[in-house]
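Here is a short tour of one protein chain, written for someone new to reading structures. Keep the 3D view open and click on each residue as it comes up.

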Amino acid sequence: MSDHPSIPAPVDENQLILERRDKLKALRQLQAEGKGVAFPNDFKPSDHAADLFAAHVGQTPEGLIEQGATAKVAGRMMLKRVMGKASFATLQDSTGRIQLYIKGEDVGAEVYASFKHWDLGDIVAAEGKIFKTKTGELSIHATSLRLLTKSLRPMPDKFHGMNDQETKYRQRYVDLMMDETARARFTARSKAVSGIREFMVAHDFLEVETPMLHPIPGGANAKPFTTHHNALDQQMFLRIAPELYLKRLIVGGFERVFEINRSFRNEGISVRHNPEFTMMEFYAAYWDYQDLMTFTEKLIRDAAQKAVGTLELSYGGRAVDLTQPFERLTIHEAICKFTEAGQELEGANLDGCLKVDNAAWLISALRKLGLTEGKHKLSTRSLASLQVLYFEETVEEKLWQPTFICEHPVEISPLARASDHKPGVTERFELYITGREFGNGFSELNDAEEQASRFHAQVAAKDDGDDEAMYYDHDFIRALEYGMPPTGGCGVGLDRLMMLLTDSSSIRDVILFPALRHEV
């Protein structure tokens, strides 16, 4: 015989729903007879579970009785034990759970009889005296009990639960109802976003709002969602990034601006990508990309401390240490440090990695990795562009600890300032943690004529079949012609940051309502 208790078979959910609808029907009948309200809206709880536990921690049962403290609470009934003349129930509010002790002689025989037929999931209100049970559990001895909302659907039971991950995403409301870790994860997200906002304001950044509907998509190399504005009779695009509007504000005279924004990209869905996502972009006049890296490092540390209370994180079972300075490497240096291109050479170091500077070797290596000429046009790429491809294929996933990767090629950085010292590359960085990109920033290109030339190159690329290439934005060029001060700008992906801070393997775990295929 097994030592484990038998797991009950699932109950027919449709039958349970019918029974609950019958109970609601009875409540509506009582309301029609003037004996109550089916969905009352006149109860105001004055206490929450977590606050009650915090207020009475360490108090003795005798001390609580002597104090005579009372509470007024409401929440979802998660547990229920009916034991003749006395019963127990557990209510869950937004802060936690609190136990109720219920006796018919205290709440009234009619209410107690009704309570016996209430279901798990119902929203219940209670008032009563605070006490501790014989086992020391803080509880409320109810003197008043009301049903506020009748739940028509049964919650998943403790045995069968919500084991299907897609169901958790589709029915996030049930996931939050049942899973304390899910509630904690999104609470941490809220704290992190609030902390980021506080950090930015404390550093003299002005929070702004820019359009989500754009006449021209811009600010990133990405495929946009398109729509049609009926009144204007013109095609519009959901924004792929707020960058060009934020830089217009720098032109206008605001020297430091930021926006916590929703952006949209009509691309693939994966554990790292959702078509609708949250990012924070910020721009500061008279900063360069070095200033941005220093500031972004401080920003991420501050967000982690406020959200989870530590800078020593664990992600997927591996340590991530935010206490140490974030490493800064060029693409060339990263390839030399993390791949055989440098390690095969005797005495190779970050300054001497010859293969990485050999276009023919890189093309051969990329072909061995499965990249094709037709899709990637290897033979027509610049050396810097080939290095980026090789970096993406061989190095990205190895950048576990926070690392800034710098000096991206001009041809894939159409909005970034070109380096004054190294031809073909820009003053740009990407931040990698746990093998994933978390941020992208650069010294902004503020030369209107050079920016126009870059836009023309993007238009040529789009005409050549690149759906993610940028459009030519005449108004943005006009803004630059008025003069933009030297500026640094950066975007940080907040969803990926939340994945790190909450040790979540999928971006869907940190987005309350992720994009999913429509239910059939």
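## A residue picked out by a record

Let's start with Glu 437, which counts as partly exposed because its relative accessibility is 28%. Being buried would take a value under 20%, and being exposed a value over 50%. You'll find Glu 437 in strand β17, which covers residues 436-443. The UniProt entry, which is unreviewed, lists Glu 437 under "binding site". Keep in mind that what you're looking at is a predicted model.

## A covered helix and its salt bridge

Now move along to helix α18, residues 494-501. How many of its residues are buried? The count is 8 of 8, so this helix is mostly covered. Among the buried residues are Leu 494, Arg 496, Met 498 and Leu 501. Just past the end of α18, Asp 503 has a positive phi of about 55°.

One charged member of α18 deserves a click: Asp 495, which is buried with a relative accessible area of just 3%. Which residue does Asp 495 pair with in a salt bridge? The partner is Arg 189, and the closest N and O atoms are 2.9 Å apart. Since Asp 495 sits in α18 and Arg 189 in helix α8 (residues 180-202), the pair ties together parts that are 306 residues apart in sequence. Arg 189 counts as buried too, at 14% relative accessibility.

## More charged pairs

Side chains of opposite charge can pair when their charged atoms come close. This structure holds 30 salt bridges. Another one joins Lys 35 and Glu 33, at 3.7 Å from N to O. Here Lys 35 is exposed, with a relative accessible area of 56%, while Glu 33 is partly exposed at 44%.

Then there's the bridge between Arg 417 and Glu 427, with an N to O distance of 3.9 Å. Both residues are in the loop between β15 and β16, 10 residues apart. Arg 417 is partly exposed at 29%, but Glu 427 is buried at 13%. For a bigger group, look at Arg 20, Lys 23, Asp 119, Asp 122 and Lys 150, which are linked in a network of salt bridges.

## Patches on the surface

Two kinds of patch are worth a look. A negative one is formed by Glu 267, Asp 466, Asp 467 and Glu 468. Within this group, Asp 466 sits in the loop between α16 (448-463) and α17 (474-482), and it counts as partly exposed at 34% relative accessibility.

The other patch is nonpolar: Tyr 173, Leu 512 and Phe 513 make up about 340 Å² of surface. Phe 513 belongs to the segment after α18 and is exposed, with a relative accessible area of 57%.

## Positive phi angles in loops

Two loop residues other than glycine have a positive phi. Tyr 286 has a value near 70° and lies in the loop between β11 (276-285) and α10 (289-308). Glu 407 has a phi near 65° and is found in the loop between β15 (403-406) and β16 (428-433).

Are these two buried or exposed? Tyr 286 is exposed, at 55% relative accessible area, whereas Glu 407 counts as buried, at 18%.

## One last stop

Finish at Lys 375 in helix α14, which spans residues 373-376. Lys 375 is exposed, with a relative accessible area of 67%. How far is Lys 375 from Gln 387 in space, C-alpha to C-alpha? They are 17 Å apart, with their positions 12 residues apart in sequence.

Definitions and conventions
Residues are numbered from 1 along each chain as its sequence is written. This is a predicted model: local features need pLDDT of at least 70, side-chain atom pairs count only at pLDDT 80 or more; totals for chains, interfaces and linings use all residues. Side-chain values use heavy atoms; hydrogens and water are left out. Patches are made of residues with over 30% relative accessible area and no salt bridge: like charges are joined within 9 Å, nonpolar side chains (Val, Leu, Ile, Met, Phe, Trp, Tyr) within 5 Å. Accessible areas come from the Shrake-Rupley method with a 1.4 Å probe; for residues, only the protein chains shown count as cover. A salt bridge is a side-chain nitrogen of Lys or Arg within 4 Å of a carboxyl oxygen of Asp or Glu. Lys and Arg count as positive and Asp and Glu as negative; His and the chain ends are not counted. The place of a charge is taken as NZ of Lys, CZ of Arg, CG of Asp or CD of Glu. Helices (H or I, at least four residues) and strands (E, at least two) are DSSP runs, numbered from the N terminus. Buried means under 20% relative accessible area, exposed over 50%, partly exposed in between (1.4 Å probe, protein chains only). UniProt positions are given in the numbering used here, feature names are shortened, and annotations may be inferred rather than shown by experiment.
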